[in-house]
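Colleague: I should like a close account of one part of this model, with the neighbouring features brought in where they share residues or elements. Please state the cut-offs as you go.

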2 protein chains.
Amino acid sequence: MKKSDISHKAKDLLRSANLNCTRSQILILEKLLQVSRPLSRDEIIKTLGKSSPDQATVYRVLKRFCEKGIIHKAYLQSRAWKYELAHNCTETQCHPHFTCTGCGKTFCLKNSFLPLIKNLEKGFVFHRQQVRVEGLCSMCS
Amino acid sequence: MKKSDISHKAKDLLRSANLNCTRSQILILEKLLQVSRPLSRDEIIKTLGKSSPDQATVYRVLKRFCEKGIIHKAYLQSRAWKYELAHNCTETQCHPHFTCTGCGKTFCLKNSFLPLIKNLEKGFVFHRQQVRVEGLCSMCS
DNA sequence: TTCAAAATTGCAAGTATATTGCAGTTTTAA
DNA sequence: TTAAAACTGCAATATACTTGCAATTTTGAA
Ligand SMILES: [Mn+2]
Ligand SMILES: [Mn+2]
Ligand SMILES: [Zn+2]
Ligand SMILES: [Zn+2]
């Protein structure tokens, strides 16, 4: 996607979520649109470089985005939380993530969905499920 | 299970993993056998009370247990890591965990397995997968 | 365009969680 | 009984995340 398209899309997303188009929120959302995989606070700040907002702001923006449903936490095992756009997801299931035990990289499996879990105990209500896969990526295998 | 059975089982497990039967390791393993659900460092120390080992020891013991394959980290979304016995698991998949968004409690779904993910990209090697389910428990629904 | 309320931000301090170095203790096996 | 190996506690350190507050930016209505 072109840079100007991303910029435009970011602003649209912000407006449709009733959030202000501030420098920080635009920068962070553009970055997430651009890379299209889960990012941690650290990765966001590092890749934004000198122009990056403060870490407190980054966390607050990510929290806001989550509350509005624009992004969500990915279901990974890293110590730090990672966030990604909430597209490629249905109400009941996000795409699975593959983490390589060799190099540590995480890949989005955008086209693999598992059937939803069945036979929950009586009284239990299902909302959504998440899947995490471990293995070796093509570089490490 | 009776208390003496648990104690006996803990020691057996330790021996079969080539670990020493020390006070700390026995206490922590007994606790995990007893509750049969994922526990954090904090929960372990609190429920063991005055007789609990130091937190550094708790972490080191849990790490040792993981390395020997006696326990593993449950993949939850809590900030603190949680550990549980590595039974009720196959090589390729641990039982799923259900977390209630109402009360925050986590339940082990010991009898629900999903089919393994298919169609990994060329070169990718599957090792294991884990599933997390969100919803409401019978108390909160 | 102007301007005040509301939203957002940076900074610094604070909290929660996990790790490490090291000296001392416990466990094991011979 | 004893010495090596395994384990432990304590205190310091590292990392991830949160919060209070004063200052700045954004927005929408005038
Ligand atoms: Mn993803
Ligand atoms: Mn479990
Ligand atoms: Zn890899
Ligand atoms: Zn509940």
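What is the relative accessible area of Phe124(A), and does this make the residue buried or exposed?

Modeller: Phe124(A) has a relative accessible area of 15% and is therefore buried (buried is under 20%, exposed over 50%, partly exposed in between, with a 1.4 Å probe and protein chains only). The model is predicted, so local features need pLDDT of at least 70 and side-chain atom pairs pLDDT 80 or more, totals for chains, interfaces and linings use all residues, and side-chain values use heavy atoms without hydrogens or water. Residues are numbered from 1 along each chain as written, while chains are lettered from A and ligands numbered from 1 in written order.

The rings come next. Rings of Phe, Tyr and Trp (its six-membered ring) pair when their centres lie within 6.5 Å; planes under 30 degrees apart are stacked, over 60 edge-to-face, the rest tilted. By this rule there are 6 aromatic pairs over all chains. One of them is formed by Phe98(A) and Phe107(A), which meet edge-to-face, with 6.4 Å from centre to centre and 65° between the planes. The two partners are not covered alike: Phe98(A) is buried at 0% relative accessibility, whereas Phe107(A) is partly exposed at 26%. Another pair brings Phe124(A) together with Phe107(B): the centres are 5.1 Å apart and the planes stand at 80°, so this pair is edge-to-face. Phe124(A) belongs to the loop between S4 and S5 of chain A, while Phe107(B) sits in strand S4 of chain B, so the pair joins two chains (strands are DSSP runs of E, at least two residues, and helices runs of H or I, at least four, numbered from the N terminus). Against the buried Phe124(A), its partner Phe107(B) is partly exposed, with a relative accessible area of 26%. Ring pairs also link Phe98(A), Phe107(A) and Phe124(B) into a cluster.

From the rings one may pass to the strands. Strand S3 (residues 97-100) of chain A runs parallel to strand S5 (residues 125-136) of chain A, and 4 bridges join them (two strands pair if DSSP finds at least two bridges). Phe98(A), which takes part in the ring cluster, stands opposite Val133(A) in S5(A). S5(A) also pairs with S5(B), in the antiparallel sense and over 11 bridges. In that pairing Arg132(A) has Gln130(B) of S5(B) as its bridge partner.

The metal sites involve these elements as well. In chain A, the manganese ion (ligand 1) is coordinated at 2.0 to 2.4 Å by Glu84(A) through OE, His95(A) and His97(A) through NE2, and Cys108(A) through SG (donors are N, O and S atoms within 2.8 Å of the metal, or 3.2 Å for Na, K and Ca; water is not among the atoms, so sites may look incomplete). Along the chain these donors follow the spacing E-x10-H-x1-H-x10-C. Glu84(A) lies in strand S2 (residues 83-85) and Cys108(A) in strand S4 (residues 106-108) of chain A, so the pair ties together parts that are 24 residues apart in sequence. Both Glu84(A) and Cys108(A) are buried.

In chain B, the zinc ion (ligand 4) is held by the SG atoms of Cys100(B), Cys103(B), Cys137(B) and Cys140(B), at 2.2 to 2.4 Å. The spacing of its donors along the chain is C-x2-C-x33-C-x2-C. Cys103(B) falls in the loop between strand S3 (97-100) and strand S4 (106-108) of chain B, and Cys137(B) in the segment after strand S5 (125-136), so this pair ties together parts that are 34 residues apart in sequence. Cys103(B) is partly exposed, at 37% relative accessibility, but Cys137(B) is buried, at 2%.

Thr101(B) has its place in the loop between S3 and S4 of chain B. With a relative accessible area of 46%, Thr101(B) is partly exposed. Its C-alpha atom is separated by 8.3 Å from that of Cys137(B), 36 residues apart along the chain. Leaving aside neighbours within four places in sequence, Thr101(B) is in contact with Glu134(B), Gly135(B) and Leu136(B), and also with His127(A) (contact means heavy atoms within 4.5 Å).
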